[in-house]
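Q: I am new to this structure and would like a close look at one part of it, the surroundings of the ligands. Please take me through it step by step.

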Amino acid sequence: MTELKINRVQGANGNQAAEGVAVLDAAAVNSAAARELYKKREPIYPKLVHGKFRALKWFLLFATLGVYYLLPWVRWPRGIGEPDQAVLIDFAGGRFYFFFIEIWPSELYYVTGLLILGAVGLFLATALFGRVWCGYACPQTVWTDLYIAVERLIEGDRNKRMRLAQAPWTFEKIRKKSMKHTIWLLIAAATGGAWVFYFHDAPTIFPKLFTGEAPGSAYLFMGLLTFMTYALAGTMREQVCTYMCPWPRIQAALTDDETLQVTYKKDRGEKRGPHKKGETWSGRGDCIDCKACVAACPMGIDIRDGAQLECINCALCIDACDDIMGRIDRPKGLIAYDTDENMFRRSQSKPPKIRLLRSRTIFYGTVFVIVSAIMFMALTSRATLDVNVLRDRTPPFVQLSDGSVRNAYTVKIVNKANVEREFFVKLTGIDTITMGAIGEEVTDNQMRVSVLGDDVRSIRVFATLPPGIDRPASMPLSFIIRESVSDEEKTNPTVFLTERR
Ligand code: SF4
Ligand code: SF4
């Protein structure tokens, strides 16, 4: 950046004096940037606005927080002995329950699929509407919005809060500040507590959290989440988005000139300046420089300075400016969702146009649909039977006194259904082989095994090859496990090892 500036000045002027000025300018820019980076944080006191985007944000705030706090309390009956919590990450039982879906550890690829789906969905939303995630649904935005609402309720709107911050410490100031921080801490503790409920049965662990009977990990994570919520939403706020979050840097690569972003329409707003009632609007812009948009901004920036990394696209400046436009009887939309392309088109006196179908949105949309279809098909055709066969390696085979050879296997039958089921187990691949098992009755070289619902059963199986048969060192052998009612079947190939004769 610095080099570029120097070259441009050199190119334009072509002498050493100009170059020197450019170098000095670059140094000044660098030191100003460094000062900006390390300067003390200036507190931001966003003013309350009313309008369609504020209403949408209130709705999303209540909807997302409602889902987060209440979801662990939703019940979903799954049968006797099964957890009835609709959403539960059961580490002890090795399961993830999500309403009718039950994911076993061997099926974690579903979670990977969901993460891919989430990422592609976010790419698509960003390509279409810019930082819509940051502005409306990111937990940092939602909790900060809630914390600001509490602050506003106790300390008043922007001007009152600013005055209170400057005022000396009186009983009233201490009362207000303590009340605010107490409520913030209660919200933070509720947030940490709700997080714990996703990993335990909520109605069981809730009273235990107060009596000290909950596991240590529950207190640890609750404490961690409480601290993080209080610190990130209460004290750090916009700094998290500006300095800590990588998303603002990444999202620039996902947008283009036709992405809808919160935009100040410079062509309409400039030349800005105060306006008195009855004065003409000709020869000037619609912006009356009232700074209502700046006062409303939770990031403390001025949208009129153009696209900025700090802007989370929350659209509150749109509501603030629309309100002003209504009062001065000018058309709304001086600040609005718009594209860089439209800014250019207007400068060429061409009508604005919105193009949602573009190569990148089509690409993200196609990937989203394909991944969704694969996930849907995988979930609907999901097997309720899984089998693992492990052959003993030490010793790999045993020579019996009558000359026959025996291999031992551990067969694990996973019954993913919620009811007890019966399975037939048999061997195939070697005609003369016989099967035996510890604790199980084998009839006609086939055994019947019942497995409890949502359980795993391990069986020790012996396969024996009689003497006097030509036997290579390794022979393919398969276990066939079939469910007695539905005929759902799994074939697990393995090998039978012998001493070559
Ligand atoms: S400039 Fe507007 S859209 Fe951007 S963060 Fe501030 S209020 Fe939100
Ligand atoms: S709220 Fe609208 S009129 Fe007021 S300063 Fe911002 S852009 Fe200008």
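A: We will go through the two ligand shells, then the loops beside them, and end with some comparisons elsewhere in the chain.

A word on reading it comes first. This is a predicted model, in which local features need pLDDT of at least 70 and side-chain atom pairs count only at pLDDT 80 or more, while totals for chains, interfaces and linings use all residues. Residues are numbered from 1 along each chain as its sequence is written, and chains are lettered from A and ligands numbered from 1 in the order in which they are written.

Let us begin with ligand 1. Around this ligand there are 13 residues (near means a C-beta atom, placed from the backbone, within 6 Å). Cys-297, Ile-303, Cys-311, Cys-314 and Cys-317 come nearest. Sorted by class, the shell holds 12 nonpolar residues, 1 polar residue and no charged ones. Here Ala, Val, Leu, Ile, Met, Phe, Trp, Tyr, Cys and Pro are nonpolar, Asp, Glu, Lys and Arg are charged, and the others, Gly among them, are polar.

Ligand 2 has 15 residues around it. Those that come nearest are Cys-287, Cys-290, Ala-292, Cys-293 and Cys-321. Its shell divides into 11 nonpolar, 1 polar and 3 charged residues. Helices H14 and H15 each supply at least two of them, and H15 gives the most, with 3 residues. (Helices, H or I, are DSSP runs of at least four residues and strands, E, of at least two, numbered from the N terminus.)

Now look at the loops on either side of H14. After this helix, a loop leads to H15 (316-327), and Ala-315 is found there. Ala-315 is not a glycine, yet its phi is positive, about 70 degrees. This alanine counts as buried because 25 C-beta neighbours lie inside 10 Å (buried is 20 or more other C-beta atoms within 10 Å, exposed is 12 or fewer, and partly exposed is in between, with C-beta atoms placed from the backbone). Before H14 (292-296), a loop comes from helix H13 (266-269), and Lys-271 has its place in that loop. The peptide bond joining Glu-270 and Lys-271 is cis, with omega about 5 degrees.

Other parts of the chain offer useful comparisons. A cis bond also joins Thr-394 and Pro-395, where omega is about -5 degrees. Pro-395 belongs to the loop between strands E6 (385-391) and E7 (398-399). As for positive phi, Asn-445 has a value near 60 degrees and is likewise a residue other than glycine. You will find Asn-445 in the loop between strands E11 (442-443) and E12 (446-451). Asn-445 is exposed, because it has 12 other C-beta atoms within 10 Å, whereas Ala-315 is buried.

One more positive phi sits in a hairpin turn: Asp-487, at about 65 degrees, is in the turn between E14 and E15, which have 5 residues between them. These two strands, 474-483 and 489-497, pair in the antiparallel sense over 9 bridges (pairing asks for at least two DSSP bridges). Across the pair, Phe-479 stands opposite Asn-492 in E15.
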